[in-house]
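Visitor: I'd like a close look at one part of this model, please: the aromatic rings and how they pair up. Give me a bit of the surroundings too.

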Amino acid sequence: MQIKELMNILEDIAPVTLAESYDNPGLLVGGEDSTVKTILIALDLTEAILKEAVEKGVDTIITHHPIIFHPVKSINTGFVEGRILCGLIKNDINYIAMHTNMDKCKGGLNDYLAELAGIKSAKVMEDETECYQISVYVPSTYAQVVKSAMFDAGAGLVGDYKGCVFETSGTGEFEPMEGAIPFTGQVGKTERAEEVKLEVYCDTYRLGKVICAMRSAHPYERPVYYAFKSRSYGEYGFGRYGELEKAMSLKEYCAFLKDALNLPFLEYIGDEKKMIKTVGVCSGAGGDMYETAVKMELDAFITGDIKHNVAVFASDNDTALINSGHYGTEVIFKNILSSHLQNRFNELKCSVNIIYSQVEKSPWSYV
């Protein structure tokens, strides 16, 4: 397998267009024609993990947090980042990051965290995502052909429904000019044709593919279509929420969560006797979403990197706040990504080896 093929698989799992504007996911070091035989997955790329990759003959590293986050003005081996980047290049190792796109995607990090937290049928907490509505005018006899082409390219997917489209029938009028090669009608004569207006929803990252498919299937020399930027809700976004199978006290739930995430400890704010049924989660630094959890009247909210002012706010609210740590809520990245990749590799009958870093650990020590 080549890197460009791996990137296509990763794009299907967590489209780069889902990433926040400040983020930097994707292929950060390497070339699209490079061969992929062994992938090492980790939360972060450290010098210890790079050394491990070199010793194990790894050719590709995928992490959640990108080591190149801010603009790089120099690659100086006097600094950690410079040594790692030089080490990647020197040892011909490709490096890929999947950050906020993996946080927000369907079946991504937050869905997996919700699953481990015991949440059933989790929904998105902050679910506003950029999308497009495509409108195209098609001869009525070609409506099904064009629709099918757009659906095959990924248009018309809304939640758990596919093939979603709105159709309006009408009459189109046009006059082919000199040089035109009309599908119907004659140059210099006004033509009226029975047409259908198709309106379909399309995710941003599928827009180009869908438009290419539509134009290829359309019989007109110059199809008339529009792509309107819009916002969609409910499909992608930060955080997840839902209900536990059965209610339990905050103290019992914290003990359950500590075991589920394999944590040495966790912190919580709230009455330990309070019964917990509705729960929200956000991997990593999701403290700013606690207020959303309060407004949603959730019984508890789980995240990491909680600021003091948020903790104080939580002490005066009924929604319990559980701090499982940034590392604790995101080290599971390797589990969910490897599962996705192994399934795709099995479908493709592709023998790419996937390993976890054995030297990765929380940067924190405890007394």
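Guide: A quick term before we zoom in: a contact here means heavy atoms within 4.5 Å. Among contacts in the chain between residues at least 6 apart in sequence, 73% join residues at least 24 apart. Bear in mind that this is a predicted model. The chain has 367 residues, 47% of them buried, and it contains 12 helices and 13 strands.

Now for the rings. Searching the whole structure turns up 8 aromatic pairs. Take Phe174 and Tyr220: their ring centres sit 6.1 Å apart with the planes at 65°, and since anything over 60 degrees counts as edge-to-face, that's what this pair is. In sequence, the partners are 46 residues apart. Phe174 belongs to strand E6 (residues 166–174), while Tyr220 sits in the loop between helix H7 (207–217) and strand E8 (225–249). So the pair links distant parts of the chain.

How covered are the two? Tyr220 has 15% relative accessibility, so it falls under the 20% cut-off and counts as buried. Phe174 comes out at 27%, which makes it partly exposed.

Tyr220 has another ring partner, Phe183. Here the centres are again 6.1 Å apart, but the planes make an angle of 50°, and the pair is classed as tilted. Phe183 lies in the loop between E6 and strand E7 (191–203), 37 residues from Tyr220. This pair, then, runs from loop to loop. With a relative accessible area of 41%, Phe183 is partly exposed. Add Tyr142 and you have the cluster: ring pairs link Tyr142, Phe174, Phe183 and Tyr220.

For the wider setting, look at the nonpolar cores. The largest has 50 residues, and Leu10, Tyr253, Leu337 and Leu341 touch the most other members. Helix H1 (residues 3–13) supplies the largest share, 6 residues. Leu341 shows how things come together there: beyond its neighbours within four places in sequence, its contacts include Leu6, Ile9, Leu10 and Ile13, and also Ile39, Ile41, Ile62 and Ile354. Apart from that core lies another one, of 20 residues, including Tyr132, Ala143, Leu207 and Val210. As a rule, nonpolar side chains in soluble globular proteins tend to be buried together.

To pull the ring story together: Tyr220 is the buried one, paired edge-to-face with Phe174 and tilted against Phe183.

Definitions and conventions
Residues are numbered from 1 along each chain as its sequence is written. This is a predicted model: local features need pLDDT of at least 70, side-chain atom pairs count only at pLDDT 80 or more; totals for chains, interfaces and linings use all residues. Side-chain values use heavy atoms; hydrogens and water are left out. Helices (H or I, at least four residues) and strands (E, at least two) are DSSP runs, numbered from the N terminus. Buried means under 20% relative accessible area, exposed over 50%, partly exposed in between (1.4 Å probe, protein chains only). A nonpolar core is a set of buried Ala, Val, Leu, Ile, Met, Phe, Trp, Tyr and Cys residues joined through side-chain atoms within 4.5 Å. Rings of Phe, Tyr and Trp (its six-membered ring) pair if their centres lie within 6.5 Å; planes under 30 degrees apart count as stacked, over 60 as edge-to-face and the rest as tilted.
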